[in-house]
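I opened the model and kept notes as I went. The entries follow in the order I looked things up.

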Amino acid sequence: MMLKTLLIATLLVSLAQSLNPRAEFTKFKVSHVKKYASSKEEEIRFNIFSKNLDKIERHNSEGHSWRMGVTKFADLSK
């Protein structure tokens, strides 16, 4: 029972710390002075940013010896 409670608490904390992609993208654009040529391009960049944000969150939750973060390149693909 205690283990189950601990697992549920860990999951809830993890979900609470999960980032809102739209809010993070807005902060990213302001922080890195990003401007896009059109709303279509902005949506494309948001989708890339969102996928990169997922990769960052996944990596950071896996307990690696180093952490990833959002940089000025987070709206770019390979």
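Before listing any aromatic cluster I fixed the rule for a pair: rings of Phe, Tyr and Trp (its six-membered ring) pair if their centres lie within 6.5 Å. I also note that the model is a predicted one.

**Entry: aromatic rings**

I looked for ring pairs and found that the structure holds five. The pair of Phe25 and Tyr36 is stacked, with 6.1 Å centre to centre and 15° between the planes. This pair links distant parts of the chain, as Phe25 sits in helix α2 (residues 21–31) and Tyr36 in the loop between α2 and α3, 11 residues apart. I checked burial for the two and found both Phe25 and Tyr36 buried.

I then took Phe28 and Phe49, whose rings form a tilted pair at 5.0 Å centre to centre and 35° between the planes. Phe28 belongs to helix α2 and Phe49 to helix α3, so their pair ties together parts that are 21 residues apart in sequence. Phe28 has a relative accessible area of 3% and is therefore buried.

Which residues make up the aromatic cluster? I listed Phe25, Phe28, Tyr36, Phe46 and Phe49, which form one cluster. I also noted a charged neighbour of one ring: Arg22 lies over the face of Phe46, at 3.7 Å from the ring centre.

**Entry: Phe49**

I went back to Phe49, which is found in helix α3. Is Phe49 buried or exposed? Its relative accessible area is 1%, and the cut-off for buried is under 20%, so I entered Phe49 as buried.

I listed what Phe49 touches, leaving out residues up to four places away in sequence: Pro21, Glu24, Phe25, Phe28, Val70, Ala74 and Asp75. For Val70 I also took the C-alpha separation from Phe49, which is 9.0 Å, with their positions 21 residues apart along the chain.

**Entry: helix α2**

I asked which residues of α2 are buried. They are Glu24, Phe25, Phe28 and Lys29. Seen down the helix axis, the buried residues of α2 fall within an arc of 140°, so they line one face of the helix. The cover over the buried residues of α2 includes α3.

I turned to the face of α2 that points away from its buried side and found the exposed residues Lys27, Val30 and Ser31 there. Ser31 has 53% relative accessibility and the cut-off for exposed is over 50%, so Ser31 counts as exposed. I looked up one distance from Ser31: its C-alpha lies 8.5 Å from that of Lys72, and the two residues are 41 apart in sequence.

I checked both ends of α2. At the start, a side-chain oxygen of Asn20 reaches to within 2.9 Å of the backbone nitrogen of Arg22. After the helix comes Val33, whose phi is positive, near 45°. I marked this value because it is a positive phi in a residue other than glycine, and Val33 is exposed, with a relative accessible area of 62%. Val33 has its place in the loop between α2 and α3.

**Entry: Asn60**

I looked at a polar residue in helix α3 (residues 39–61), namely Asn60. Asn60 has 18% relative accessibility, so it counts as buried. Setting aside residues up to four places away in sequence, I found that Asn60 touches Trp66, Arg67 and Met68.

**Entry: the whole chain**

I closed with the totals. How many helices and strands does the chain have? There are three helices and zero strands, and along the sequence the pattern reads α-α-α. The chain has 78 residues, of which 21% count as buried.

I looked up the accessible surface, which comes to about 6300 Å² for the chain, with 61% of it belonging to carbon and sulfur atoms. Last, I took the contacts in the chain with a separation of 6 or more: residues 24 or more positions apart account for 55% of these.

Note on methods:
Residues numbered from 1 in each chain as written. Predicted model: local features only at pLDDT ≥ 70, side-chain atom pairs only at ≥ 80, totals over all residues. Heavy atoms only, no water. Helix = DSSP H or I, 4+ residues; strand = E, 2+ residues; numbered from the N terminus. Buried < 20%, exposed > 50% of the residue type's maximum accessible area, 1.4 Å probe, protein only. Contact = heavy atoms within 4.5 Å. Areas by Shrake-Rupley, 256 points an atom, 1.4 Å probe, with all protein chains shown as cover. Phe/Tyr/Trp six-rings, centres within 6.5 Å; stacked < 30°, edge-to-face > 60°. Lys NZ or Arg CZ within 6 Å of the ring centre and 35° of its normal. Arc of directions from axis to C-beta. Polar contact = N/O pair within 3.5 Å; in protein donor to acceptor, adjacent residues only side chain to side chain.
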